[in-house]
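Here are my notes on the model you asked me to look over. Have it open beside you as you read.

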Amino acid sequence: MSEQGNGAGPSKVRHEKDRPWIMRTYAGYNTARASNELYRGNLAKGQTGLSVAFDLPTQTGYDSDHPLAAGEVGKVGVPICSIEDMDLLFDQIPLNQMNTSMTINAPAAWLLSLYIATAERQGVDPKTLRGTTQNDILKEYLSRGTYIFPPEHSLRLTKDVILYTVENIPSWNPLNICSYHLQEAGATPAQELAFSLCNARAILDSIQGSVDQATMDKTFGRFSFFVNSSVRLVDEVCKLRAFTRLWNELGLERYGVKGEKERRFRYGVQVNSLGLTAQQPENNVARIIVETLAVILSKDARARAVQLPAWNEALGLPRPWDQQWSLRIQQILAYESDILEYPDIFNGSEVIEARVQELMEQAKEEMARVEEIGGAAAAIDTGYMKQQLVKSNAARIAAIESGEQIVVGVNKYTETEPSPLLSGVDGGFFKTDPDAERDQIERLKAFRESRDQKKVDEALKDLAGALEKGENIMPVSIRAAHAGVTTGEWGDTLRKVFGEYRSPTGVGGVSTSDREKREQLEAVRQRVDALSEKLGRRLKVLIGKPGLDGHSNGAEQIAVRARDVGMEVVYEGIRLTPDRIVNSAADEGVHLIGLSILSGSHLSLVGEVMERMKAAELDQIPVVVGGIIPDDDKEELLRRGVARVYTPKDYEITQMMEDFVKVVESSLLSAV
Amino acid sequence: MKDSPKTLGRGPGAPSVEDVRSGKKRAVARLFNLLEDRRPEKIRECFAILDELYAASIGDSHVLGITGPPGAGKSCLISRLISEARQRGKTVGVIAIDPSSRRSSGAILGDRIRYEYDATDPGIFVRSMANRGDLGGISDRTFAGSVVLRAAFDLVLVETVGVGQAESDVMDLADTTLFVIQPGSGDMLQFLKAGIMEEPDLMVVNKSDQPQARRTFNDVRSALHTARSDAAAWAPEALMSSATEGTGITEILDEAARHREHLVGTGEFLKRRQRHARHWMVRNLERLYGSRGVETMGGSERLGEACLPDPETGPFMALERLDEQMQIKVAGESG
């Protein structure tokens, strides 16, 4: 009989309050020192774990002074070039008392090595470390775009981390199979289930042959997931319950995992960010709360860790106050509500059970299809998975554009009072320190000078040797970390051996969803035809993403829509240098260039492109830019000659297409 | 000189034959813009330049048509071929052909995304083309494009999907055709054996790192030997490659070069190009006037021989003239 309950009276049904999930905020920016201050501040506010965001150069294995890193250093996360940076990041944070989740994939082995080396420097036994490396490379090919090597080699690195930690750091989660990014890329609940489980299967399959059953059991038990939660509360609860069943089945039937504990579905969550709006951003708080409820209400399918985006997600980076707000949401749900005081409240519900069964069936169908193709790696390589995601996303966007799917404040209830949240000096979000990149590069150069170069060269040689011999990459990487090897040096060594990779775009086989407003589409198509006649040839546009930001969903949807209104689209994909953009634009004779940048590095990258266009005498080709771009940056870009700037507010893609036509038309008028 | 969509005429902004011949990428790009232009005055202007280029480069360069079913890894293979050719000191021009949407006439031109090369290298030019002409119109621009590239670069690669699609049939413009398949492509081999598929000059089994590769390769070898018709002619070879691992690439270029030598040695090189030109001309006449129309004008063979008697005579202005003649004839008969 539970007596507690804040005045709710005694109850046989209630029990002692469960310990709440781990509360994190995804954070990191500018430099290791600045991020360290932020972490310590957040921990003091009651956060119970850390979630490290790395900048794009670090995520793609480049040092801060690499040409591709220009403009990207410290923007979307913290730059970690060496053990010195890692030391600073965890200054005054004893690693044996911390639970750290690192969102790092392609170079996960390296960042984990740095973490372990840092712990050793603190005098902490690595065996006691607790935390997670995301290390889910397959989803990078499908959505985030921060992959480096081809799938086969990436899987080998993933395996190395898993097998190393299972033996040496028993409480570490070597990977988070991510369904999160699949939803952000447009996946339906069934696709989220299916594709993420297929990814897990691919990795487990690759391990199964080479270890004994006891190790297999342990390994399966260390697999955890990183899941999304949308505002469709009921579906999400059912999806999570479906996850627990499917995972349990998979462990039992395919891998013979005997322990029930090992087959338990463990997951962390970040709630849906794609659906967070730039219009009336305060509404996002309501969305975030509903989405969090979905992952904590069902005790049998409850999240182990939660990190919440901030209300201003679509505007830019969160300030400490914004992160605090989201943390408080978690704390209120955990400590003020009674959610943690009851057994699972959905067991026995017919409706929930029926929907769970439905989702499981749909997921299994999709999983069978992927198996037919040859498994997740093959399904990625052939572009199948990516195509499915692009299709779902197209349907979702079409539904929003047509009004069939309501998004409050965006396509309905759009009238608003002026917002006090956005009227401040800083515009309502965090701006990175413009000097951070320069400081980081200076420190990096100084660090390189201070090292024992002989030790570094030896360590790199050992690293290359281990790669060729097929040895586990972890021990030799940890030694390299201690020797002062940098992220870029580690990355380059592997790039030399493994080669680099360009993932299929999934754009080819998809067309604009039938839910799209037909008349508007048709009208724009006619305008494109008319302009093409005037030009003498088909309107031709180049769409691509400069810099290291790999979130290509937006660019892909635009490419598909542009094709469907009759344009010829040279889709160049991600990770483009300004040289490549200008060269392709010139060779292809395009009438318009469209650049997508979500990492915040738009001013420097677009600036470079515009400069080179001018130098090549191509500056009469108009350039339009889309991304997470604050208003004053927008002004700056327009001042520099960009024809149009699109932000998340401009969600109507067909409208954008009409705009493209107008932009090219006016460029003709002003041509010499 | 500033480029402009408007000033692509023969005036000050026009691409010069000399610039194109010396491989100046900007001039080549401008000429492509022109050859895709449907406006009658642009077509005429373009055709004149094309004929000049055609004549000037009739014995030059080497056009490799690379085709095969989707998924075979053609784009990656081409990426490697570009790199190998550059290492051999050859300049390279590439046309990547993608299908246009029937509904919208638009297209996703997504082949070039797979080509990895130094964007500042002046010796590599890549142009994407959609394979269906919108607005009707005369030219099959791919053929014209290949003429431009062979006038400008040492090696020309033309990538397209499939087997014998009308507008983008590489066999009608290439000196050497490569057919690329992946391991396990059983159907293609049946087509070959049954003579449904025309024999390419070179067959490549890509993805040789896959387990079925050796088996497929052997099957291809025997299928080619079965299909062989004329003992004196070129004997198509089968090769294996792995675009991802970079193996078999030098062999492909070597074999292609051997084929070119064979063509030149037997006099076929110029004859083949002449056949392509005649075929292009007649095909476009047919598109305009139907087979009846072509018959009225004397039939395809007679037209080909009469209008393009020598190898250096290009088909472009010839087509223009025939078109004009027919228009007069048609006008006269309906008057």
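The points below go through confidence, chain B, a strand pair in chain A, a cavity and a few single residues.

1. First, the status of the thing: this is a predicted model. Its overall scores are ipTM 0.90 and pTM 0.82. For chain B the mean pLDDT is 85, with 85% of the residues at 70 or more.

2. Where in chain B is confidence lowest, and where is it highest? The low end is helix 6 (residues 186-194) of chain B, with a mean of 69, and the high end is helix 8 (residues 249-265) of chain B, at 96. There are also two stretches to read with the confidence colouring switched on. Residues 134-139 of chain B stay under 50 in pLDDT, and the model gives them 21 contacts beyond four places in sequence. Residues 164-168 of chain B also stay under 50, with ten contacts beyond four places in sequence.

3. Now the general make-up of chain B. The chain has eleven helices and eight strands. Of its 335 residues, 55% are buried. Taking contacts in chain B with a separation of 6 or more, 77% are between residues 24 or more positions apart.

4. Strand 5 (residues 155-159) of chain B is a good place to zoom in. Five of its five residues are buried. Leu155(B), Leu157(B) and Glu159(B) sit on one side, Val156(B) and Val158(B) on the other, and both faces are covered. Note that Glu159(B) is on that buried list too.

5. Which strands pair with strand 5 of chain B? One is strand 1 (residues 62-67) of chain B, which pairs with strand 5 in the parallel sense over five bridges. In that pairing, Leu64(B) stands opposite Leu157(B). Another is strand 2 (residues 92-98) of chain B, which is joined to strand 5 by five bridges and runs parallel to it. There, Ile95(B) has Val158(B) as its bridge partner.

6. Over in chain A, have a look at strand 7 (residues 175-178). Leu175(A) and Ile177(A) point one way, Asn176(A) and Cys178(A) point the other way, and all are buried. Strand 7 of chain A runs parallel to strand 8 (residues 223-227) of chain A, with four bridges between them. If you want one pair to click on, Leu175(A) has Phe223(A) as its bridge partner.

7. On to the cavities: ten reach 30 Å³ or more. The second largest has a volume of about 160 Å³. Its lining takes in 20 residues, and those nearest the centre are Tyr147(A), Ser503(A), Pro504(A), Ser552(A) and Ile574(A). Two elements give two or more residues to this lining, namely helix 5 (137-144) and strand 12 (568-576) of chain A. Helix 5 of chain A has the largest share, with five residues. By class, the lining of the second largest cavity splits into seven nonpolar, seven polar and six charged residues.

8. Is Gly77(A) buried or exposed? Gly77(A) has a relative accessible area of 0%, so it counts as buried. This glycine is in the loop between helix 2 (56-59) and helix 3 (83-89) of chain A. Leaving out residues up to four places away in sequence, Gly77(A) touches Gly28(A), Tyr29(A), Asn30(A), Ala53(A), Phe54(A) and Asp55(A). For a distance check, Gly77(A) and Thr292(A) are 215 residues apart along the chain, and their C-alpha atoms are separated by 24 Å.

9. Glu167(A) belongs to helix 6 (residues 151-168) of chain A. Its relative accessibility is 44%, so Glu167(A) counts as partly exposed. Beyond four places in sequence, Glu167(A) touches Lys127(A), Thr215(A) and Lys218(A). Between Glu167(A) and Leu422(A) there are 50 Å, C-alpha to C-alpha, at a sequence separation of 255 residues.

10. Last, two backbone angles to look at. Gln92(A), which is not a glycine, has a positive phi near 65°. Gln92(A) lies in the loop between helix 3 and strand 4 (99-103) of chain A, and is exposed because its relative accessible area is 57%. Glu617(A), another non-glycine residue, has a positive phi near 60°. Glu617(A) lies in the loop between helix 23 (602-615) and strand 14 (623-627) of chain A, and counts as partly exposed at 34% relative accessibility.

Technical notes: Residues numbered from 1 in each chain as written. Chains lettered and ligands numbered in written order. Predicted model: local features only at pLDDT ≥ 70, side-chain atom pairs only at ≥ 80, totals over all residues. Heavy atoms only, no water. Buried < 20%, exposed > 50% of the residue type's maximum accessible area, 1.4 Å probe, protein only. Pairing = 2+ DSSP bridges. 1 Å grid on protein atoms, 1.4 Å probe; cavity = no way out; pocket = protein on both sides within 12 Å on 5 of 7 lines; lining within 4 Å. Points joined across faces, edges and corners; volume = space filled by probe spheres on them. Nonpolar A, V, L, I, M, F, W, Y, C, P; charged D, E, K, R; others polar. pLDDT = per-residue confidence, 0-100. Contact = heavy atoms within 4.5 Å.
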